[in-house]
Amino acid sequence: MSGGEITLGHYLALSGLLFIIGLAGVILRRSLLIVMMSLELLLNAANLALVAVGRFQGIPDPQVAVFFVITVAAAEVALGLAILVAIFRIKKTTAADQMDSLRF
Amino acid sequence: MGAGALLLRNPRAITKMEQIFFWILAAGLLVFATAVVTLRNPVTNAVCLVVALVFQAALFVTLEATFLAAVQVIVYAGAVMVLFLFVIMLLDVRVEARGPIQWPKVVGVGVVTLAAVAGIPKMVASFPASQTALHWGQGKVTGTARDLGMLLFTSYAPLFLATGVLLLVATVGVVVLCRRDPES
């Protein structure tokens, strides 16, 4: 890293930190809405790592993978939010710790 | 020839600009991602997520993935976030009530975070290819719409079609999930 040039390692470290932040959100937050937003952060961290590796190694295919990840993420958000709305109609809450009907 | 073109011929100026852009965008992305995870008003979280996604799109531009940057803004910061804001509005979610703090979880996440912050630079450094630097305009990969389209419609065409089916199934699923029972 002569002269503080931006290397692949910088992007990978940034991606790792973003993943940790998102993971903390998924584990710590109770509101399912925020948990889903944190999931988006996780997917974005993976996307960033894919694009960075693809560019620095000279492979175009990871960008196609990111394209598919974005598509699947859109479908996932639509379905997840629909389930959330359906749960809210029954439980009147979005808190994950209130959803304990299957616990005994 | 403008001053910008002259500037872009100077390798030291390019290196400097790469550094400035990377550190500003990285700091912005991490700050707004932290805001998404920590703030308590869902609308604020959603808006912070939009800003974080736009920062990520800008990082895609610094990685010369221009088409993905556009898709990121249109699909993520546009469509997905509108979906989130609609659901927040539909559910009329207020500021989240403060529950009892789950100390085991908080301590566990704190330990993992500290270990990760200490360990990630070492882990990345041990990966030999991580030392590669590549200046703007020198990369072999250019993520324009043409390049991605060529890949998508040739070697990845079956996957592309499967994605269409997936989106159709997701749409049908959402309609089924959100339908109210006619009897009740």
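Helices here are DSSP runs of H or I at least four residues long, and strands are runs of E of at least two, numbered from the N terminus. With that in hand, here are the views of this predicted model.

**Figure 1. Chain B is built from seven helices and zero strands.** Reading from the N terminus, its elements follow the order α-α-α-α-α-α-α. The C-alpha atoms occupy a box of roughly 70 × 45 × 35 Å along the principal axes. Chain B has a radius of gyration of 22 Å, where a compact globule of 184 residues would come out near 16 Å. Buried residues make up 20% of the 184 in chain B. Take the contacts in chain B between residues at least 6 apart in sequence: 58% of them link residues at least 24 apart.

**Figure 2. Here chain B meets chain A, with 70 residues of chain B in contact with 64 residues of chain A.** On the chain B side, the elements that supply two or more residues are α2 (11-38), α3 (42-62), α4 (66-91), α5 (103-125), α6 (145-153) and α7 (157-178). The largest share, twelve residues, belongs to α4(B). Sorted by class, the residues on this side of chain B are 50 nonpolar, 14 polar and six charged.

**Figure 3. This view is centred on Leu152(B), a residue of helix α6 in chain B.** Is Leu152(B) buried or exposed? It falls in between: a residue is buried with 20 or more other C-beta atoms within 10 Å and exposed with 12 or fewer, and Leu152(B) has 18, so it is partly exposed. Setting aside residues up to four places away in sequence, Leu152(B) touches Val64(A) and Phe160(B). For a sense of scale, Glu18(B) lies 134 residues from Leu152(B) in sequence and 30 Å from it in space, C-alpha to C-alpha.

**Figure 4. Helix α3 (residues 61-91) of chain A packs against α7(B), with the two axes 9 Å apart.** The angle between them is about 10°, which makes α3(A) roughly parallel to α7(B). From α3(A), the residues making the contact include Phe68(A), Val72(A), Leu79(A) and Ile83(A), while α7(B) offers, among others, Leu159(B), Leu166(B), Ala170(B) and Val174(B). By class, this contact of α3(A) with α7(B) has 16 nonpolar, three polar and no charged residues.

**Figure 5. Helix α2 (residues 32-57) of chain A has the length expected of its 26 residues.** At 1.5 Å a residue the helix should span 38 Å, and its end C-alpha atoms are 38 Å apart, so the two agree. How many of the residues of α2(A) are buried? The count is 20 of the 26, so α2(A) is largely enclosed by the rest of the structure. Just after the helix comes Gly58(A), with a positive phi near 75°.

**Figure 6. Helices α2(A) and α3(A) pack with their axes 9 Å apart.** Their angle is about 175°, which means that α2(A) is roughly antiparallel to α3(A). Residues of α2(A) in this contact include Leu33(A), Met36(A), Leu43(A) and Leu50(A), and those of α3(A) include Pro62(A), Val66(A), Val69(A) and Leu84(A). By class, the contact of α2(A) with α3(A) has 15 nonpolar, four polar and two charged residues.

Conventions: Residues numbered from 1 in each chain as written. Chains lettered and ligands numbered in written order. Predicted model: local features only at pLDDT ≥ 70, side-chain atom pairs only at ≥ 80, totals over all residues. Rg over C-alpha atoms; globule rule 2.2 N^0.38 Å. Contact = placed C-beta atoms within 7 Å. Nonpolar A, V, L, I, M, F, W, Y, C, P; charged D, E, K, R; others polar. Axes fitted to C-alpha atoms, helices over the stretch in contact; angles between N-to-C directions. Parallel < 35°, antiparallel > 145°, perpendicular 65-115°, else oblique. Expected span 1.5 Å × (residues − 1).
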